[in-house]
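Let's take a walk through this structure together, one region at a time. Keep the view open while you read, and turn it as we go.

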Amino acid sequence: MKTDQDRRRERVLAAYAQTGGIKATAKRLGISIHVVRRVLRGKDKARGAPRTDPVRPSKLDDYKPVIRRLVLDEHLTAALVMEEIRALGYTGGHTILQAYVRTIRPAPKAKLTTVVEHPPGAEGQVDWSPYTVRLGGEARVVHAFSLVLPFSRYMVVRFALDEKLETLILLHEEAFTEIGGAPPRMTYDNMTTVGRHVGPGEVWLNPRFVTYAERYGFAIGLIKPGHPNEHASVERPFHYIEHNCLPRRRAGFEDLDDLNRHAKWWCANVANVRVHGTTRERPVDRLVRERPFLLPLPSSRPEVYRTLSRKVGTDFCVRIDCNRYSVPPRHFDRPATVREYSDRIEILVDGALAATHNVCKGRDQRLVLPEHEEAFKRCTPSRRLLETAFVRLGPAAEDYYAGLKAQRGPGAGYHLQRILKLADRHGSSVVTGAMAHAARYGNYSADAVARVIAGREIQDRTMELLPEVAPPPERVRRWLEGLDVEDGDLADYDRIIDRLGGEEEGDAEGQGHPADHAGRAAQEPGATEAPRDARVPGPSAGAGGNPGTGLRDLPRGAGLDRGPGTRGGRGGA
């Protein structure tokens, strides 16, 4: 079994093989050059009898397996390892932990750098950096926005799903609001949303961002390609974000809002309140001295939005960033203008606002407002077909349909379908006559039309009491078949009903036609029931009793039973 001395000897020999020098080996491992020499000369091995002095225990001994896992497997810094083992009960200091971490993780190769001094409030630096994190259990690429004031080292960190110009401007707004002003000069890397170097000494700036900068009064600066030190104040903190901010939530985040809440907490409680390694002061304290040198924010700041041109699809939705947002169905297949704000989306058709939605943070979602769904149900192709077929029955059908919509509301389609089935079974003339009769009593329903056809009494919704009228079913059927709704006069119906009432009173005195006594046979003792198929000439029977002759073929003032085969005309029976 290897001892600690054997493992140290192996590390020294391995480091010496890489560096080739005693001093470089000692510096890399953080040990004395004398120890390196003893190992190289083989004098580090114990001579004679082994030492019997007890090894001094360390507070770190019980936590070394955890430290090795956190450093080598999860790649945590010594600062985060300290927080992890503090939670486990470690009471030691930070120095022995750093010393142990150096022995198990080789130090990175040093690079030549220079320090750039910045006066207070003279400049602000902005840059992006992508990271892969877990949002809602799914690995997603997010973009970290960082604004750093080089003098105070105060930083503002936010995360977004894209690096669009609208997103960049929105995050500038948040950052300027937090620091309480705008630096006179803002520097950027070569990002196309701001500008880029297009040739030696030639710089192109985005006109839209220039307009935004002029509103705040700051100048735009682009760092030269190949000179990262000009942007070191904002570049270096990305390493800090990657190794200190994000690893604190290794299990992931619920969504983008949860990630930004964590970023705000981290900036306020860790990054901006720590003692900075270069300035040896807290960034939040230096910001107080730097804020008077910043430009004041404009009193009125208009909302920032992105304008898009889209076309409403056949599903009455507009596609925006992998999601679909609804508009009223009447706008389908028409051009639309989209205004995308930070928290909402406005869709305009023909210059008028058609819909407003909250921004969806997910992907491949279809967001339909309830009022748009209801409007779609009211104008579905099946209902349109029913309306078209129903109106073709004639003007009476149009009036009856208006009454259906007023009385039945959304359930009018159900009654349309039933009435059309009645028209297929009994004929359009019978159904239109029944609808006209039902409309007289303010009764709009498929059941009312069916009762008229069946010869049953109609309930008058406009009157509390209705005189009892009970003509034989066959007679009513023939009457309805002979109605001409288009050319007939409604006064004719009143005269026919009055004539019927007068004749029935005559039949009650024993002078009616034998067929008219069939309705009373069941009520009078000893009466003989008339056959059910006895043909009773009605209003649809013309000369000779042939069906098909309508009301307009009857002479003006003629009664229902004045055709051949009735009283006053028995010779044709």
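## A guided look around

Let's begin with two strands that lie side by side: β8 and β11 (residues 335-340) pair in the antiparallel sense, and six bridges join them. You can pick out one of these pairings yourself, since S309 has T337 in β11 as its bridge partner. Keep in mind that what you're looking at is a predicted model.

Now zoom out a little. The two strands belong to an open sheet of four strands, which runs in the order β8-β11-β12-β13 with antiparallel pairing. At the edges stand β8 (306-311) and β13 (352-358); each has a single partner strand, so one side of each is left without a neighbour in the sheet. The sheet has some twist to follow as well: on average, neighbouring strands are turned by 25 degrees against each other, direction ignored.

Next, let's look at charges around this sheet. Side chains of opposite charge can pair when their charged atoms come close. One such pair is K311 and D333, whose side chains meet in a salt bridge at 3.2 Å, N to O. K311 sits in strand β8, while D333 is in the loop between β10 (323-326) and β11, so the pair ties together parts that are 22 residues apart in sequence. How open are the two partners to the outside? K311 counts as exposed, at 54% relative accessibility, and D333 counts as partly exposed, at 46%.

Another pair is found by moving along to R334, which forms a salt bridge with D350; here the closest N and O atoms are 2.0 Å apart. D350 lies in the loop between β12 (344-349) and β13, and R334 in the loop between β10 and β11, so this pair ties together parts that are 16 residues apart in sequence. D350 is exposed, with a relative accessible area of 61%, whereas R334 counts as partly exposed at 26%.

Let's leave the sheet and visit a loop. T279 lies between α10 (256-271) and α11 (283-290), in the loop that links them. Is T279 buried or exposed? With a relative accessible area of 18%, T279 is buried, because the cut-off for that label is under 20%. Leaving aside residues up to four places away in sequence, T279 touches F151, R153 and R286.

That last contact is worth following, as R286 has a charged partner too. Its side chain meets that of E281 in a salt bridge, at 2.8 Å from N to O. R286 counts as buried, at 10% relative accessibility, but E281 is partly exposed, with a relative accessible area of 26%.

How many salt bridges are there altogether? The count comes to 22. Some charged residues are joined up in a group: R69, E74, E84 and R250 are linked in a network of salt bridges.

For a last stop, let's swap charge for nonpolar side chains. L13, Y16 and L40 make a nonpolar patch on the surface, about 220 Å² in area. To find your way there, look for helix α1 (residues 4-19), which holds Y16. Y16 counts as partly exposed, at 31% relative accessibility.

Key: Residues are numbered from 1 along each chain as its sequence is written. This is a predicted model: local features need pLDDT of at least 70, side-chain atom pairs count only at pLDDT 80 or more; totals for chains, interfaces and linings use all residues. Side-chain values use heavy atoms; hydrogens and water are left out. Two strands pair if DSSP finds at least two bridges between them. Axes are lines fitted to C-alpha atoms, for helices over the stretch in contact, and angles run from 0 to 180 degrees between N-to-C directions. Buried means under 20% relative accessible area, exposed over 50%, partly exposed in between (1.4 Å probe, protein chains only). Contact means heavy atoms within 4.5 Å. Patches are made of residues with over 30% relative accessible area and no salt bridge: like charges are joined within 9 Å, nonpolar side chains (Val, Leu, Ile, Met, Phe, Trp, Tyr) within 5 Å. Accessible areas come from the Shrake-Rupley method with a 1.4 Å probe; for residues, only the protein chains shown count as cover. A salt bridge is a side-chain nitrogen of Lys or Arg within 4 Å of a carboxyl oxygen of Asp or Glu.
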